[in-house]
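Have the sequence and the model open side by side for this one. We'll walk through it a piece at a time, so feel free to rotate as you read.

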Amino acid sequence: MSHKVLVVEDEPALARALAINLRSHGWEVVTAADGRSGLDAAATTHPDVVLLDLGLPDLDGTEVISGLRGWTSVPIVVLSARQHGEDKVEALDLGADDYVTKPFAMNELMARLRAAVRRAEEVAPTVSTVQVGGLLIDLARKRVARDGTDVRLTPTEWAFLELLARNLGRLVPREQVLREVWGPGYEHEGHYLRVYAAQLRRKLEDNPAHPRHLVTTSGLGYTLEP
Ligand code: CA
């Protein structure tokens, strides 16, 4: 079955080129030329992944990310001409899953989209649940509850937490987290780890500034402490 990608891009030539390439690689493609129609299209067409240009004529791309994250955990891959690190971190911080800077190689973009969809769809594992303090992590159903209340995680946040939960009490090296959560070639993208560890702590820890469970060992990696 083919996957559906929503392309939110205001440059007609690029939008057309993306649509042609994606369709030739078996994707079903929906396009939107500005932020508002992108948000509408996400709600009505239920894409498997959103490819989002940050520079749009009506809304800023970051507003589109926030708008989507208000109700969906669909993977978001951001596409932008901006070179500044802050924009990258801001997009990730708001809940984007990955980031591709223009100009990009089409095959790299395809690989990023496939990886984003795969992370969101990983098949149910056999080990069932992990209890960590007030957190109940259900590996089969891909859910986490904090003190009995479901916590909504993005696919990337979930992938990070799941990896740590499967290695409960053991230090997982930074490079392993980057490789397993984001994919080969990400081993030096340490800022992803800081952003996502902070997001997870905000959602899961009683005192995110002094985490009890999601513990960083500086320069080495992360441990989920029971
Ligand atoms: Ca643009």
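Along the chain, the donors of the calcium ion are spaced as D-x42-D-x1-G. Put names to that pattern and you get Asp10 and Asp53, each giving an OD atom, plus Gly55 with its O, at 2.2 to 2.3 Å from the ion. Keep in mind that you're looking at a predicted model, and that water is not among the atoms, so the site may look incomplete. How accessible are Asp53 and Gly55? Asp53 has a relative accessible area of 3%, so it is buried, the cut-off being under 20%. Gly55 comes out at 36%, which makes it partly exposed.

Now zoom out. The domain assignment splits the protein into domain 1, residues 4-122, and domain 2, residues 129-224. Taken over C-alpha atoms, the centres of the two domains are 24 Å apart. As for how they meet, 18 residues of domain 1 touch 18 residues of domain 2.

Let's stay with residues in the 4-122 range of domain 1 and look at a couple of backbone oddities. His46 has a positive phi, near 45°, and it isn't a glycine. You'll find His46 in the loop that runs between helix 2 (35-45) and strand 3 (49-53). With a relative accessible area of 56%, His46 is exposed. Further along, the peptide bond joining Lys102 and Pro103 is cis, with omega at about -5°. Pro103 also belongs to a loop, this one between strand 5 (98-101) and helix 5 (106-121).

Over in the 129-224 range of domain 2, Asp147 is another non-glycine residue with a positive phi, here near 50°. Asp147 sits in the loop between strand 8 (143-146) and strand 9 (149-151). Is Asp147 buried or exposed? Its relative accessibility is 58%, so it counts as exposed, which takes a value over 50%.

Next, the helices. Start with helix 8 (residues 190-204) and helix 6 (residues 155-166), whose axes lie 10 Å apart at an angle of about 85°. That angle falls in the 65 to 115 degree range, so helix 6 and helix 8 are roughly perpendicular to each other. Helix 6 brings Thr156, Glu157, Phe160 and Leu161 to the contact, while helix 8 answers with Leu193, Tyr196, Ala197, Gln199, Leu200, Lys203 and Leu204. Sorted by class, the residues of this contact are seven nonpolar, two polar and two charged.

Then swing round to helix 7 (residues 174-182), whose axis comes within 10 Å of that of helix 8 and crosses it at roughly 85°. Helix 7 is therefore roughly perpendicular to helix 8. Here the contact involves Arg174, Val177, Leu178 and Trp182 from helix 7, against Gly190, Tyr192, Leu193 and Tyr196 from helix 8. The class breakdown is six nonpolar, one polar and one charged. If Leu193 and Tyr196 ring a bell, that's because helix 8 also uses them in its contact with helix 6.

Last stop: Thr223, which lies in strand 12 (residues 221-224). At 5% relative accessibility, Thr223 is buried. What is Thr223 in contact with, leaving aside its neighbours within four places in sequence? Gly169, Arg170 and Leu171 are on the list, and so are His213, Leu214 and Val215.

Technical notes: Residues are numbered from 1 along each chain as its sequence is written. This is a predicted model: local features need pLDDT of at least 70, side-chain atom pairs count only at pLDDT 80 or more; totals for chains, interfaces and linings use all residues. Side-chain values use heavy atoms; hydrogens and water are left out. Axes are lines fitted to C-alpha atoms, for helices over the stretch in contact, and angles run from 0 to 180 degrees between N-to-C directions. Helices (H or I, at least four residues) and strands (E, at least two) are DSSP runs, numbered from the N terminus. Angles under 35 degrees count as roughly parallel, over 145 as roughly antiparallel, 65 to 115 as roughly perpendicular and the rest as oblique. Contact means heavy atoms within 4.5 Å. Ala, Val, Leu, Ile, Met, Phe, Trp, Tyr, Cys and Pro count as nonpolar, Asp, Glu, Lys and Arg as charged, and the others, Gly among them, as polar. Donors are N, O and S atoms within 2.8 Å of the metal (3.2 Å for Na, K and Ca); water is not among the atoms, so sites may look incomplete. Buried means under 20% relative accessible area, exposed over 50%, partly exposed in between (1.4 Å probe, protein chains only). Domain bounds come from an automatic or database domain assignment.
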